[in-house]
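Work through these exercises with the structure open beside you. Try each task before you read its solution.

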Amino acid sequence: MLTKHKIVFLGDQSVGKTSLITRFMYNTFDTHYSATVGIDFLSKTMYLDGGNSGEDGPRTVRLQLWDTAGQERFRALIPSYIRDSHVAIIVYDVSNRGSFESVRRWCQYVHEERGDDAVLVVVGNKRDLPSTQRCVTSDEGAALCEELGCALFFETSSRSGQGVVPLFKKLSLLLTERDDSDGHGNGNGSGNGGACAGGGQAATTIDVGVNEGSAAGEQCSC
Ligand SMILES: Nc1nc2c(ncn2[C@@H]2O[C@H](COP(=O)(O)OP(=O)(O)O)[C@@H](O)[C@H]2O)c(=O)[nH]1
Ligand SMILES: [Mg+2]
């Protein structure tokens, strides 16, 4: 059976949401790509050879990726964008501290609209940038993800492609697991006391395995 999942991308302007979608869909990166393309969503079917495949071979998941088309600037438009979403991918830019600090707020918006029903994913994008430009360490990203009760944390680069496919693969696996266990995850309800705890998911932090160690404690240049 092919299950469809609506995935919305949230985060401050210019963190790379559109670029992330473009990289995943077309495997391209264009610095001049227009943020507003007038497309509601793009679909991609993922074939998963790992995980709990049924007897009829690999599992498939249909991902519907919704871009904000610049609407992230308008608070009033956010709720309708988030409505009916199954997954919210909250993106920040590792070279922009403010965008990282906004993650909490974006998470809150999802919580207001979807309660615990959406799977929350935190993504630190632009990891290709030199460590001198980095303002947020991987550890900080992972810690925030855990604090907010989000299901996954990844660092990605839409420019180089690093982390992009692993992110969507892992997410797809998580979604099939959720589908298998009663439709939409019920979690253990233990929460963690975070401002936006819940989502009924255990936090799964993925170490994407780059040598980020040197970035820690570097001077932030932004
Ligand atoms: N170095 C670098 N630049 C990126 C990356 N992703 C996006 N950008 C650049 O950041 C800017 C904003 O990207 P965009 O996808 O429009 O962000 P959005 O407003 O969140 O949709 C553009 O100039 C992109 O070329 C990345 O992974 N690395
Ligand atoms: Mg955009």
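**Exercise 1. Find where D84 sits, and say what is unusual about its backbone.**

Step 1. D84 lies in the loop between α2 and β4. Helices (H or I, at least four residues) and strands (E, at least two) are DSSP runs, numbered from the N terminus.

Step 2. Look at phi. D84 is not a glycine, yet its phi is positive, about 70 degrees. Most residues other than glycine have a negative phi.

Step 3. Judge the surroundings. A residue is buried if 20 or more other C-beta atoms lie within 10 Å of its own, exposed if 12 or fewer, and partly exposed in between, with C-beta atoms placed from the backbone. D84 has 13 other C-beta atoms within 10 Å, so D84 is partly exposed.

A note on the source: this is a predicted model, where local features need pLDDT of at least 70, side-chain atom pairs count only at pLDDT 80 or more, and totals for chains, interfaces and linings use all residues. Residues are numbered from 1 along each chain as its sequence is written, while chains are lettered from A and ligands numbered from 1 in the order in which they are written.

**Exercise 2. Repeat the analysis for K126. Is K126 buried or exposed?**

Step 1. Locate K126 in the loop between β5 and α5.

Step 2. Check phi. K126 has a positive phi of about 70 degrees, although K126 is not a glycine.

Step 3. Count neighbours. There are 24 other C-beta atoms within 10 Å, so K126 is buried.

**Exercise 3. Describe the overall layout of the chain.**

Step 1. Count the elements. The chain has six helices and seven strands.

Step 2. Read them in sequence order. The pattern is β-α-β-β-α-β-α-α-β-α-β-α-β.

Step 3. Note burial. The chain has 222 residues, and 42% of them count as buried.

Step 4. Turn to contacts (C-beta atoms, placed from the backbone, within 7 Å). Take the contacts with a separation of 6 or more: 76% of them join residues 24 or more positions apart.

**Exercise 4. Test the length of helix α4, then find its buried face.**

Step 1. Work out the expected span, which is 1.5 Å times one less than the number of residues. Helix α4 (residues 103-114) has 12 residues, so the span should be 16 Å; the end C-alpha atoms are 16 Å apart, which agrees.

Step 2. List the buried residues of α4: V103, W106, C107, V110, H111 and R114. Seen down the axis, they fall within an arc of 145 degrees, so they line one face of α4. The arc is that of the directions from the helix axis to the C-beta atoms.

Step 3. Find the partners. The buried residues of α4 pack against β1 (3-10), α2 (78-82), β4 (87-93), α3 (97-101), β5 (119-125) and α5 (138-147).

Step 4. Look just past the helix. G115 follows α4, with a positive phi near 60 degrees.

**Exercise 5. Which residues of α5 are buried, and how are they arranged?**

Step 1. The buried residues of α5 are S138, G141, A142, L144 and C145. They cover an arc of only 160 degrees around the axis, which puts them on the same side of α5.

Step 2. Take A142 as an example. A142 has 20 C-beta neighbours inside 10 Å, so A142 counts as buried.

Step 3. Compare sequence and space. A142 and G124 are 18 residues apart in sequence, and their C-alpha atoms are 9.4 Å apart.

Step 4. Look past the helix end. G149 follows α5, with a positive phi near 70 degrees.

**Exercise 6. Explore the largest nonpolar core.**

Step 1. Define the set. A nonpolar core is a set of buried Ala, Val, Leu, Ile, Met, Phe, Trp, Tyr and Cys residues joined through C-beta atoms within 7 Å.

Step 2. Find the most connected members. The largest core has 49 residues, and A88, I89, I90, L120, V121, V122 and C150 touch the most other members.

Step 3. Follow V122. Leaving out residues up to four places away in sequence, V122 touches I90, V103, G141, L144, C145, C150 and F153.

**Exercise 7. Describe the shell around ligand 1.**

Step 1. Apply the cut-off: a residue is near if its C-beta atom, placed from the backbone, lies within 6 Å. There are 16 residues around ligand 1, and G16, K17, T18, S19 and R159 come nearest.

Step 2. Name the main contributor. Helix α1 (residues 17-26) gives the most to the shell, with three residues.

Key:
Contact = placed C-beta atoms within 7 Å.
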